[in-house]
Amino acid sequence: MKNFIKNYKVEIIIFLIAIILMFFNPDKAILGLKYAIKTFLYLLPIILSVAYLTGFISEVIPKQTIKKFVGKESGFKGKLLGGIFGTLMVGPAYAFYPFFAELINNGASIGVIAVTIAAWSIKIQWLPFALSILDIKFVLLLNLFIIIYAFSSGYIMELFYKK
């Protein structure tokens, strides 16, 4: 019980606050609960997919392979792979944080993960829509700056995490 409280203290505090708020305004509490359930069901397929992908990475792909392609020794090629992967990814970034943590635990470079997360904001699948609404010069310059930022953040993160 002591370990349960220690491991889930934030969740317990939030739960207690929710119960207290239910006494002050039960109608709003029910609306909030319905919204929370709806959001959870919306995110459930993404969470399950990421959990499966994380398990797959952990159990099937050897650490040496991860280190070879996205490890510290992968250099620019690893960051380029992370940048390509990041621009193709869809879904909320926070859902993929456990996946990134598993990659880091299995030998991926902090720099590659930083490039991947930063490149996530490009969204290649949305470029045709952006080009139809915004000026082509704006879209190209914005994405160029995002790419520069992504690679810069990868190298800077490696400097801070150099051991």
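Start with the whole protein and switch on a surface: about 12000 Å² is exposed, and carbon and sulfur atoms supply 75% of that area. Keep in mind as you go that this is a predicted model.

**The whole chain**

Now go back to cartoon and colour by secondary structure. You'll find nine helices and zero strands, so to speak a plain run of α-α-α-α-α-α-α-α-α from one end of the sequence to the other. Turn the C-alpha trace onto its principal axes and the spans come out at about 55 × 45 × 30 Å. How does the radius of gyration sit against that of a compact globule of 163 residues? The globule would come in near 15 Å, while this protein has 20 Å. Colour by burial next: 26% of the 163 residues count as buried. As for contacts, take those with a separation of 6 or more; 77% of them join residues 24 or more positions apart.

**Helix 3**

Select residues 26-59, which make up helix 3. Put a distance between its end C-alpha atoms and you should get 46 Å. Does that figure agree or disagree with the length of the helix? It agrees, because 34 residues at 1.5 Å each should span 50 Å.

Zoom in on Leu43, where helix 3 bends by about 40 degrees. Show Pro45 as sticks too, since this proline follows within four residues of the bend.

Stay on helix 3 and add side chains for Leu43, Val50, Thr54 and Ile57, which are buried. What covers them? The cover includes helix 4, at 63-70, and helix 6, at 97-105, so show both of those alongside.

Pick Thr54 out of that set for a closer look. This helix 3 residue has a relative accessible area of 12%, which is under the 20% cut-off and therefore buried. Leaving aside residues up to four places away in sequence, Thr54 touches Pro98, Phe99 and Glu102.

**The salt bridge**

Next, select Lys79 and Glu158. Their side chains meet in a salt bridge, with 2.8 Å from N to O. Lys79 lies in helix 5 (residues 75-88) and Glu158 in helix 9 (residues 136-160), so the pair ties together parts 79 residues apart in sequence. Don't go hunting for others: the count comes to one salt bridge.

Are the two partners buried or exposed? Lys79 counts as buried because its relative accessibility is 2%. Glu158, at 23%, counts as partly exposed.

**Along helix 9**

Stay in helix 9 and click on Ile156. Its relative accessibility is 43%, so Ile156 counts as partly exposed. Now add Gly111 and draw a C-alpha to C-alpha distance from Ile156: the separation is 7.6 Å, although the two are 45 residues apart along the chain.

**A loop to finish on**

Last stop: the loop between helix 7 (110-119) and helix 8 (127-133), where you should select Lys123. What is there to notice about its phi? Lys123 is not a glycine, yet its phi is positive, at about 55 degrees. Check the surface here too: Lys123 is buried, with a relative accessible area of 14%.

Key
Residues are numbered from 1 along each chain as its sequence is written. This is a predicted model: local features need pLDDT of at least 70, side-chain atom pairs count only at pLDDT 80 or more; totals for chains, interfaces and linings use all residues. Side-chain values use heavy atoms; hydrogens and water are left out. Helices (H or I, at least four residues) and strands (E, at least two) are DSSP runs, numbered from the N terminus. The expected span of a helix is 1.5 Å times one less than its number of residues. The bend at a residue is the angle between axes fitted to the seven residues ending there and the seven starting there. Buried means under 20% relative accessible area, exposed over 50%, partly exposed in between (1.4 Å probe, protein chains only). Contact means heavy atoms within 4.5 Å. The radius of gyration is taken over C-alpha atoms; the globule rule is 2.2 Å times the number of residues to the power 0.38. Accessible areas come from the Shrake-Rupley method with a 1.4 Å probe; for residues, only the protein chains shown count as cover. A salt bridge is a side-chain nitrogen of Lys or Arg within 4 Å of a carboxyl oxygen of Asp or Glu.
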